[in-house]
Amino acid sequence: MLIKAAWVVLAAIHALPALAAFRPGMIAGLYGTQPGSVSGLLLHHRAALFLGVFVICIWAMVRPEVRPLSATIVAISMVSFLAIYLANGAP
């Protein structure tokens, strides 16, 4: 039960950024980018990637056999964010 709860928490962390994949206006509001700009397109793509991470977390919650791959994907996503964040002085 604890393992399933952990996957739900990971999915929840990625849910809000994933929502921006369906609501591009949300990207403009959160980041101050213009729709159709290069930055806006990159952030929209980022939202789609977060949607993928969200889906794989939910999948891992219900299917234990996909947990090793899911853990790898989520770890790459989270560790790369932390590395980039720290490399830029933790703004």
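**Group meeting: a walk through the helices**

Let's start with A18, which is a buried residue: its relative accessible area comes out at 3%. Before I go on, keep in mind that what you have on screen is a predicted model. A18 sits in helix α1, and if you leave out residues up to four places away in sequence, it touches A47, F50, L51 and F54. Here's a distance to go with that: from A18 to P64 you go 46 residues along the sequence, and the two C-alphas are 23 Å apart in space.

Okay, so what about the rest of α1? The helix runs over residues 2-19, and it has 18 residues; at 1.5 Å a residue that should span 26 Å, and because its end C-alpha atoms are 26 Å apart, the two values agree. There is a kink in α1, though, of about 30°, and you'll find it at I13, shortly before the proline P17.

Which residues of α1 are buried? Those are W7, L10, A11, H14 and our friend A18. They pack against α3 and against α4, which is 67-87.

Now V8, also in helix α1. V8 is at 39% relative accessibility; buried would need under 20% and exposed over 50%, so V8 counts as partly exposed. Have a look at V8 and M61 together: they are 53 residues apart along the chain, yet their C-alpha atoms are separated by 7.0 Å.

M61 takes us over to α3. This helix has 25 residues, and from the first C-alpha to the last it reaches 37 Å, close to the 36 Å you'd expect at 1.5 Å a residue. The buried residues in α3 are G40, L43, A47, F50, V53, I56, C57, A60 and M61. And what covers them? The cover includes α1, α2 and α4. You've met two of those buried α3 residues already, since A47 and F50 are among the contacts of A18.

Let's take α2 next. How do α2 and α3 pack? Helix α2, residues 24-31, and helix α3, residues 38-62, pack at an angle of about 115°, and their axes are 10 Å apart. As for the hand, the crossing of α2 and α3 is right-handed. On the α2 side you have P24, I27 and Y31, and they meet G40, L43, H44 and R46 in α3. Sorted by type, the residues in this contact are 4 nonpolar, 2 polar and 1 charged. Two of the α3 residues here, G40 and L43, are also on the buried list for α3.

Last stop, α4, where I picked out two serines. The first one is S70, in helix α4. Buried or exposed? S70 is buried, with a relative accessible area of 0%. Again leaving out residues up to four places away in sequence, S70 touches W7, I56 and A60. W7 is one of the buried residues of α1, while I56 and A60 are among the buried ones in α3.

The other serine is S77, which lies in helix α4 as well. It has a relative accessible area of 19%, and the cut-off for buried is under 20%, so S77 goes down as buried. With the same sequence neighbours left out, S77 touches H14, F50 and V53. H14 is on the buried list of α1, and F50 and V53 are on that of α3. F50 is a nice place to stop, since A18, where we began, touches F50 too.

Conventions: Residues numbered from 1 in each chain as written. Predicted model: local features only at pLDDT ≥ 70, side-chain atom pairs only at ≥ 80, totals over all residues. Heavy atoms only, no water. Axes fitted to C-alpha atoms, helices over the stretch in contact; angles between N-to-C directions. Helix = DSSP H or I, 4+ residues; strand = E, 2+ residues; numbered from the N terminus. Left-handed = near helix turned anticlockwise from the far one by under 90°. Contact = heavy atoms within 4.5 Å. Nonpolar A, V, L, I, M, F, W, Y, C, P; charged D, E, K, R; others polar. Expected span 1.5 Å × (residues − 1). Bend = angle between axes of the 7 residues up to and from the residue. Buried < 20%, exposed > 50% of the residue type's maximum accessible area, 1.4 Å probe, protein only.
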